[in-house]
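The following exercises concern a single structure. Each sets a task and then works through its solution step by step.

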Amino acid sequence: MSVLSAPYFHDEAAAYAELEATLWPNGPICPRCSGTDRITPVKGGRIGLWRCGPCKRQFTVKVGTVFESSHIPLHQWLQAVYLMCSSKKGISSHQLMRTMEVQYKTAWFMTHRIRAAMVSGDLTPMGGEGVTVEIDETFIGQKADMPKRRGYAHKHAVMTLIERRPEGGRSRSFHVSGTSAATLLPIIKAHVNSGTHVMTDEAGQYAHLGKYFTEHDFVTHGAGEYVRGDVHTNTLEGFYSVFKRGMKGVYQHCSEKHLHRYVTEFDFRYNNRVRLGVNDAERTDRALKGIVGKRLTYKQPLEV
Ligand SMILES: [Zn+2]
């Protein structure tokens, strides 16, 4: 049977039951008093409406999440989350609009809220003893006020840190204002354990990494050197190939102020990939767990 046949993609009551099972594995939790006792369904109430005995509050599983105060049926939210989580390069708002037969503004609203759900709370340092972290940057799009020319000054810059671990490492990407050492170094130092073996290309902004990390090796791309023994940035090249194909093919018109959200989305899928034992269903589940505590409205700027 097709995954898309699951009742929670079509039926509102089933969708609520699915989200409740994901967010409340041990039963409903009151968003006001955090109580779990004497919570009962509201008789004759809306689908998914509960009442807390102690504090009398009525609530649904959407309270306090990115789905709160949205009029989009929950089963459609679940469809959209699944589509974004199961497509390796993501799905554009235009495609979502066509597939779900919703207005563009609605599709745009949904994709950005789902990206908010994908924001990881993982800020633990990357790398560590015996672990390699590859560091590189890539350039995409075009800045609104700059004409196209040679070089990268007119493009948006993204820097990524990616771990090499036998069991599969993590990625963490940043939309950066430029690629000078002054911009990149503080980020690298804040996110990478000093006991790490870091690998980069020969770019000048990385020249002094050896001062801050156990070991720094680089390949000289300018001289055609891409691999020297285990010195390379090919893990990151693989990540960027998906990222760039996605950004180019799927997200053609990404404005600068939203770029960090797209970057988050590609990190999310990478950090929840098949190689780490995460299939499409589990990845969707993890995105759904991320909707909590990130309530957003149309007017509110998407600062997550
Ligand atoms: Zn309560």
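**Exercise 1.** Determine which residues Val-192 is in contact with, leaving aside neighbours within four places in sequence.

*Solution.* Two residues are in contact if their C-beta atoms, placed from the backbone, lie within 7 Å. Under that rule, and with neighbours within four places in sequence left aside, Val-192 is in contact with Pro-125, Met-126, Gly-127, Val-133, Leu-161, Val-198 and Phe-213.

The model is a predicted one, in which local features need pLDDT of at least 70 and side-chain atom pairs count only at pLDDT 80 or more, while totals for chains, interfaces and linings use all residues. Residue numbers start from 1 along each chain as its sequence is written.

**Exercise 2.** State how many residues the largest nonpolar core has, and which elements each supply at least two of them.

*Solution.* A residue is buried if 20 or more other C-beta atoms lie within 10 Å of its own, exposed if 12 or fewer, and partly exposed in between, with C-beta atoms placed from the backbone. A nonpolar core is a set of buried Ala, Val, Leu, Ile, Met, Phe, Trp, Tyr and Cys residues joined through C-beta atoms within 7 Å.

The largest such core has 29 residues, and those with the most contacts inside it are Val-133, Ile-135, Val-158, Leu-161, Val-192, Val-198 and Phe-239. At least two residues of this core come from each of strand 4 (132-140), strand 5 (156-164), helix 5 (181-191), strand 7 (197-201), strand 8 (215-219), helix 6 (234-249) and helix 7 (259-271). Helices (H or I, at least four residues) and strands (E, at least two) are DSSP runs, numbered from the N terminus. Apart from this core lies another, of 28 residues, among them Val-61, Leu-96, Phe-268 and Leu-288.

**Exercise 3.** Describe how helix 2 packs with helix 8.

*Solution.* Axes are lines fitted to C-alpha atoms, for helices over the stretch in contact, and angles run from 0 to 180 degrees between N-to-C directions. Helix 2 (residues 74-86) and helix 8 (residues 280-289) pack at about 120°, their axes 9 Å apart. Angles under 35 degrees count as roughly parallel, over 145 as roughly antiparallel, 65 to 115 as roughly perpendicular and the rest as oblique. Helix 2 and helix 8 are therefore oblique to each other.

Val-81, Tyr-82, Cys-85 and Ser-86 of helix 2 make the contact with Asp-280, Arg-283, Thr-284, Ala-287 and Leu-288 of helix 8. Ala, Val, Leu, Ile, Met, Phe, Trp, Tyr, Cys and Pro count as nonpolar, Asp, Glu, Lys and Arg as charged, and the others, Gly among them, as polar. The residues of this contact divide into five nonpolar, two polar and two charged.

**Exercise 4.** Describe how helix 1 and helix 2 meet.

*Solution.* The axes of helix 1 (residues 12-23) and helix 2 come within 8 Å and cross at roughly 60°. These two helices are therefore oblique to each other. Glu-12, Ala-15, Tyr-16, Glu-18 and Leu-19 in helix 1 meet Leu-74, His-75 and Leu-78 in helix 2. The contact comprises five nonpolar, one polar and two charged residues.

**Exercise 5.** Is Ser-92 buried or exposed?

*Solution.* Ser-92 lies in the loop between helix 2 and helix 3 (93-100). Ser-92 is buried, because 20 other C-beta atoms lie within 10 Å. Not counting residues up to four places away in sequence, Ser-92 touches Val-250 and Tyr-251.
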